Amino acid sequence: MSVMRFYYDPFSEFDRLFDDAFSSRFLRPTGAPTTETRREIYRPKVDVHENVENNTVTASFELPGLKPEEVNIDVSHDRLTISGETSTSQQRDERGFTVRERSWGKFTRTLMLPQGTKSEEVKAKMEHGLLNVTFPKAQPMQQPKRIAIE
């Protein structure tokens, strides 16, 4: 039995196509000089788990280095959207040279929720860079039943 019923979401597909088309213009091609500018794309990984006993679904997002106040969670039109901005900076000295590495970028992930999920039923908890969002599982659809005519 599948965890969630798949609903075709044309908006997500449209966003993915644009991301793929336009991000390739900013990524360094294989074998190109490393002096070219390169835009890193941060897309949090997500796992979806079903808990049959509690009749809930939990989506776990990997957000290393982020604090809960840096993450936005929105529920609208049966869609759960996780967004935010990541920014990291590192500095170290190696053999008399100072090495500074910085990366930043905005991210967003959207999941379809079971139809009719109320925003107050969605719960979120973040620990050690792992955001767990839990919501009730969709009830099974009513099976068709033939009605006899009297």
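Is serine 83 buried or exposed? Serine 83 counts as buried, because its relative accessibility is 16%; buried here means under 20% relative accessible area, exposed means over 50%, and partly exposed is in between (1.4 Å probe, protein chains only). Let's look at what surrounds that residue, and then at the rest of the fold.

First, some ground rules. This is a predicted model, so local features need pLDDT of at least 70 and side-chain atom pairs count only at pLDDT 80 or more, while totals for chains, interfaces and linings use all residues. Residues are numbered from 1 along each chain as its sequence is written, and side-chain values use heavy atoms, with hydrogens and water left out.

**How confident is the model?**

pLDDT is the predictor's confidence in each residue, from 0 to 100. The protein averages 77, and 72% of its residues reach 70 or more. Among the elements, helix α1 (residues 10-23) has the lowest mean pLDDT, at 68, and β6 has the highest, at 94. Over residues 30-40 the pLDDT drops below 50, and beyond near neighbours in sequence this stretch has ten contacts in the model. A contact means heavy atoms within 4.5 Å. The element names come from DSSP runs numbered from the N terminus: helices are H or I with at least four residues, and strands are E with at least two.

**The three-stranded sheet**

Serine 83 sits in strand β4. That strand belongs to an open, antiparallel sheet of three strands in the order β3-β4-β5. Two strands pair if DSSP finds at least two bridges between them. The edges are β3 (71-76) and β5, each of which pairs on one side only. From one strand to the next, the twist averages 10°; axes here are lines fitted to C-alpha atoms, for helices over the stretch in contact, and angles run from 0 to 180 degrees between N-to-C directions.

β4 (residues 79-94) and β5 (residues 97-112) pair over 16 bridges. Along that pairing, glutamate 85 stands opposite lysine 106, and glutamate 94 stands opposite phenylalanine 97. The hairpin of β4 and β5 has two residues between the strands, and arginine 95 there takes a positive phi near 50°.

On the other side, six bridges join β3 to β4, with serine 76 opposite arginine 79. These two strands also form a hairpin with two residues between them, where histidine 77 in the turn has a positive phi of about 50°.

As for serine 83 itself, leaving aside neighbours within four places in sequence, its contacts are Glu70, Val71, Asn72, Phe107 and Thr108.

**The four-stranded sheet**

Another open sheet has four strands in the order β1-β2-β7-β6, again with antiparallel pairing. Its edge strands are β1 (46-51) and β6 (123-127), each pairing on one side only. Neighbouring strands in this sheet are turned by 20° against each other on average, direction ignored.

Inside it, β2 (residues 56-62) and β7 (residues 130-136) pair over seven bridges, and serine 60 has asparagine 132 in β7 as its bridge partner. Two other residues of β2 are worth a look: threonine 56 and alanine 59. Not counting residues up to four places away in sequence, threonine 56 touches His49, Glu50, Asn51, Thr134, Phe135, Pro136 and Lys137. By the same count, alanine 59 touches Val46, Asp47, Val48, Leu111, Leu131, Asn132 and Val133. Alanine 59 and leucine 111 are 52 residues apart in sequence, yet 8.9 Å apart in space, C-alpha to C-alpha.

Here are the accessibility values for the buried residues picked out so far:

| Residue | Relative accessible area |
|---|---|
| Serine 83 | 16% |
| Threonine 56 | 17% |
| Alanine 59 | 0% |

**The nonpolar core**

In soluble globular proteins, nonpolar side chains tend to be buried together. A nonpolar core here is a set of buried Ala, Val, Leu, Ile, Met, Phe, Trp, Tyr and Cys residues joined through side-chain atoms within 4.5 Å. The largest one has 16 residues, and Phe61, Leu63, Val71, Leu80, Ile82, Leu131 and Val133 touch the most other members. Strands β2, β4, β5 and β7 each supply at least two residues of this core. Phenylalanine 61 touches Lys45, Val46, Ile82, Arg109, Leu111, Gly129, Leu130, Leu131 and Val133, with residues up to four places away in sequence not counted.
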